[in-house]
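Student: I'd like a guided close look at one part of this protein, with enough of the surroundings to make sense of it. Could you take me through it step by step?

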Amino acid sequence: MGAPPPERTRRVRADAQRSIDALVAAAREVFLTSGVDAPVREITGRAGVGLATFYRHFPERSDLVSAVFRHEVDACAAEAAVLAAECEPFDALTRWLHRFTGFVGTKRGLAAALHSGNPAFEPLPAYFQERFEPALRTLLDAAACAGRVRGDVAPMELLHAVSRLCTGGEDRTADERMVALLIDGLRYGAER
């Protein structure tokens, strides 16, 4: 679910939360096709809410971009635990890294906004690390204990490597192939 911007700590009414969730979901879809600078009316139309509702919850566009980014980070990070419970360690790690690859590939527009120098985005890299590092650490440790990958890989180094390999182009096949090669490299030196 979409989280309100971090500066909001008061409890949100259920109807207001539904509006926030609808706006975040609509913005996520609109950002994929039209970018983060898409007209607000396109987002509100898709969410089924009015402009006043939009600006009540997201006074600045950066508030909405941050909420969408946090929602996507949370969803991707949460999937690590699901995969760990359902799959053997190496398969869970592989599937999650491919899920993360998809996250990176679809966030190019958001990444440009996040690196725009807007102070509203300054806390987001720490949020990224706070959510992804433990999720990946758990998967890496389990795969290393199973003897499937080397044990000396730092989660943030691996996340940065995957991010750099992803071109964010229309053809995601190249990104997936490059990440598959990186995953194969994790096996080198594994202690089976």
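How many helices and how many strands does the secondary structure of the protein come to? After that, please look closely at helix α2, residues 40–47.

Tutor: Happy to! One thing to keep in mind throughout is that this is a predicted model. Its secondary structure comes to nine helices and zero strands, so read along the sequence the pattern is simply α-α-α-α-α-α-α-α-α.

Before zooming in, here is the overall setting. The protein has 192 residues, and 42% of them are buried. Its accessible surface comes to about 10200 Å², with carbon and sulfur atoms contributing 53% of that. If you count contacts between residues at least 6 apart in sequence, 68% of them join residues at least 24 apart.

Now for your helix. In α2, the buried residues are V40, I43, T44 and A47. Looking down the axis of α2, you would find these buried residues within an arc of 95 degrees, which means they line one face of the helix. The general rule behind such a pattern is that an α-helix has 3.6 residues a turn, so residues three or four places apart point the same way. Turn to the other side of α2 and you meet R41 and G45, which are exposed.

What lies over that buried face? The cover for the buried residues of α2 includes α1 (14–34), α3 (51–57) and α4 (61–86). Just after α2 comes G48, and its phi is positive, near 75 degrees.

T44 is a good residue to pick out in your viewer. T44 sits in helix α2, and its relative accessible area of 5% falls under the 20% cut-off, so T44 counts as buried. Setting aside neighbours within four places in sequence, T44 is in contact with L23, V49, G50, L51 and F54. Of these, L23 falls in the range of α1, and L51 and F54 fall in that of α3. For a distance to check, T44 and V24 are 20 residues apart in sequence, and their C-alpha atoms are 10.0 Å apart in space.

Since α4 is part of the cover over α2, let's follow α4 outwards. Two packed helices are described by the angle between their axes and the distance between the axes. For α4 and helix α7 (residues 124–145), the angle is about 10 degrees and the axes are 9 Å apart. An angle under 35 degrees counts as roughly parallel, so α4 and α7 are roughly parallel to each other. On the α4 side, the contact includes F69, V73, C76 and A80, while the α7 side includes Y127, F128, F132 and L139. By class, this contact of α4 with α7 has 13 nonpolar, one polar and three charged residues.

From α7, one further step leads to helix α8 (residues 155–165), where the two axes come within 9 Å and cross at roughly 105 degrees. That value lies between 65 and 115, so α7 and α8 are roughly perpendicular to each other. P155, M156, L158 and L159 of α8 meet F128, Q129, F132, E133, L136, R137 and L140 of α7. The residues of this contact divide into eight nonpolar, one polar and two charged. F128 and F132 of α7 take part here, and they also appear in the contact with α4.

Another residue of α7's range, A143, takes us to F90 in helix α5 (residues 89–106). F90 and A143 are 53 residues apart in sequence, yet 5.0 Å apart from C-alpha to C-alpha. F90 is buried, with a relative accessible area of 7%, and beyond four places in sequence it touches A143, R148, V149, I183 and R187.

V149 then offers a link to Y188, which lies in the segment after α9 (172–187). The C-alpha atoms of Y188 and V149 are 7.0 Å apart, with their positions 39 residues apart in sequence. Unlike buried T44, Y188 counts as exposed, at 66% relative accessibility.

Definitions and conventions. Residues numbered from 1 in each chain as written. Predicted model: local features only at pLDDT ≥ 70, side-chain atom pairs only at ≥ 80, totals over all residues. Heavy atoms only, no water. Buried < 20%, exposed > 50% of the residue type's maximum accessible area, 1.4 Å probe, protein only. Helix = DSSP H or I, 4+ residues; strand = E, 2+ residues; numbered from the N terminus. Arc of directions from axis to C-beta. Contact = heavy atoms within 4.5 Å. Axes fitted to C-alpha atoms, helices over the stretch in contact; angles between N-to-C directions. Parallel < 35°, antiparallel > 145°, perpendicular 65-115°, else oblique. Nonpolar A, V, L, I, M, F, W, Y, C, P; charged D, E, K, R; others polar. Areas by Shrake-Rupley, 256 points an atom, 1.4 Å probe, with all protein chains shown as cover.
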